Amino acid sequence: MPKPPPKVNVWLFIDGAGVKLRTGSTTTISESVTIGNKMNLSLGFLDNGGRPVSPPVTPDTTPTWSNTAPTVERLIPSVDGLQAVATALAGGSDVINLSVVVRGANSRAIIQVVIPAPPQQVLTSVVINAT
């Protein structure tokens, strides 16, 4: 009898830090990024011991990424959907949505992103030079 495939845990990595996504539900994550900076997002498929699943896992369909405020943050997913880059464009907030299906099980993530507005410049003094 063939050995059953190993259990697959879907992980979302944000700039290298991993969060395990719950199968069949939505995992909510909060992040903060400054204007002009990027978040590198990627998916990983690990076994219960935290090792990459072998043989490598392919999602049932291409993972989908979307965001709610494209004028505040630009989101560019890779063609295969396994990675995305989010670039903060302006102060405000954004919500990035991710959905991935592996072996018939759906995992979803919501990343709530806060992008602080740049500090206001305040005129503190005026110097007048006489000529």
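T87 touches N37, K38, V72, E73 and R74, leaving out anything up to four places away in sequence. This residue sits in strand β7 and counts as buried, at 11% relative accessibility. Keep in mind that you're looking at a predicted model. The chain has nine strands and zero helices, and the rest of this briefing walks through the sheets, the core and a few residues worth clicking on.

**Overall build**

- Reading from the N terminus, the elements go β-β-β-β-β-β-β-β-β.
- The radius of gyration of the chain is 20 Å, while a compact globule of 131 residues would come in near 14 Å.
- Along the principal axes, the C-alpha atoms take up a box of roughly 95 × 25 × 25 Å.
- Of the 131 residues in the chain, 31% are buried.
- If you take contacts between residues at least 6 apart in sequence, 63% of them join residues at least 24 apart.

**The five-strand sheet**

- Five strands make an open sheet in the order β2-β1-β4-β7-β6, and the pairing is antiparallel.
- At its edges you'll find β2 (17-20) and β6 (73-77), each of which pairs on one side only.
- From one strand to the next, the twist averages 20°.
- Inside this sheet, β1 and β4 run antiparallel and are joined by six bridges.
- To see how that pair lines up, look at V10, which stands opposite F45 in β4.

**The four-strand sheet**

- The other open sheet to look at has four strands in the order β3-β9-β8-β5, with mixed pairing.
- β3 (26-32) and β5 (64-67) are the edge strands here; each has a single partner strand, so one side of each has no neighbour in the sheet.
- Ignoring direction, neighbouring strands of this sheet are turned by 15° against each other on average.
- β3 and β9 pair in the parallel sense, over seven bridges.
- A handy marker for this pairing is E31, which stands opposite V113 in β9.
- As a general reminder, strands of a sheet pair through backbone hydrogen bonds, in either a parallel or an antiparallel way.

**The nonpolar core**

- The largest nonpolar core holds 28 residues, and the ones with the most contacts inside it are L12, M39, L41, L43, W65, I96 and I111.
- Two or more residues of this core come from each of β1 (9-14), β4 (38-46), β7 (83-88), β8 (92-102) and β9 (105-115).
- I96 is a good place to start clicking: setting aside residues up to four places away in sequence, I96 touches M39, L41, W65, S66, N67, E73, L75, A86, A109, I110, I111 and V113.

**Residues on β4 and β7**

- N40 lies in strand β4 and is partly exposed, with a relative accessible area of 44%.
- Beyond residues up to four places away in sequence, N40 touches F13, I14, D15, A84 and V85.
- N40 and L89 are 49 residues apart along the chain, and their C-alpha atoms are separated by 15 Å.
- Q83 lies in strand β7 and is partly exposed too: its relative accessible area is 48%, which falls between the 20% limit for buried and the 50% limit for exposed.
- Not counting neighbours within four places in sequence, Q83 is in contact with L41, S42, W65, P77 and S78.
- Q83 and I128 are 45 residues apart in sequence, and C-alpha to C-alpha they are 54 Å apart in space.
- Back to T87 in β7: its C-alpha atom and that of I111 are separated by 14 Å, with their positions 24 residues apart along the chain.

**Salt bridge**

- The count of salt bridges comes to one.
- The side chains of D47 and R51 form a salt bridge, at 3.3 Å from N to O.
- D47 is buried, because its relative accessible area of 16% is under the 20% cut-off.

Notes. Residues are numbered from 1 along each chain as its sequence is written. This is a predicted model: local features need pLDDT of at least 70, side-chain atom pairs count only at pLDDT 80 or more; totals for chains, interfaces and linings use all residues. Side-chain values use heavy atoms; hydrogens and water are left out. A nonpolar core is a set of buried Ala, Val, Leu, Ile, Met, Phe, Trp, Tyr and Cys residues joined through side-chain atoms within 4.5 Å. Buried means under 20% relative accessible area, exposed over 50%, partly exposed in between (1.4 Å probe, protein chains only). Contact means heavy atoms within 4.5 Å. Two strands pair if DSSP finds at least two bridges between them. Axes are lines fitted to C-alpha atoms, for helices over the stretch in contact, and angles run from 0 to 180 degrees between N-to-C directions. A salt bridge is a side-chain nitrogen of Lys or Arg within 4 Å of a carboxyl oxygen of Asp or Glu. The radius of gyration is taken over C-alpha atoms; the globule rule is 2.2 Å times the number of residues to the power 0.38.
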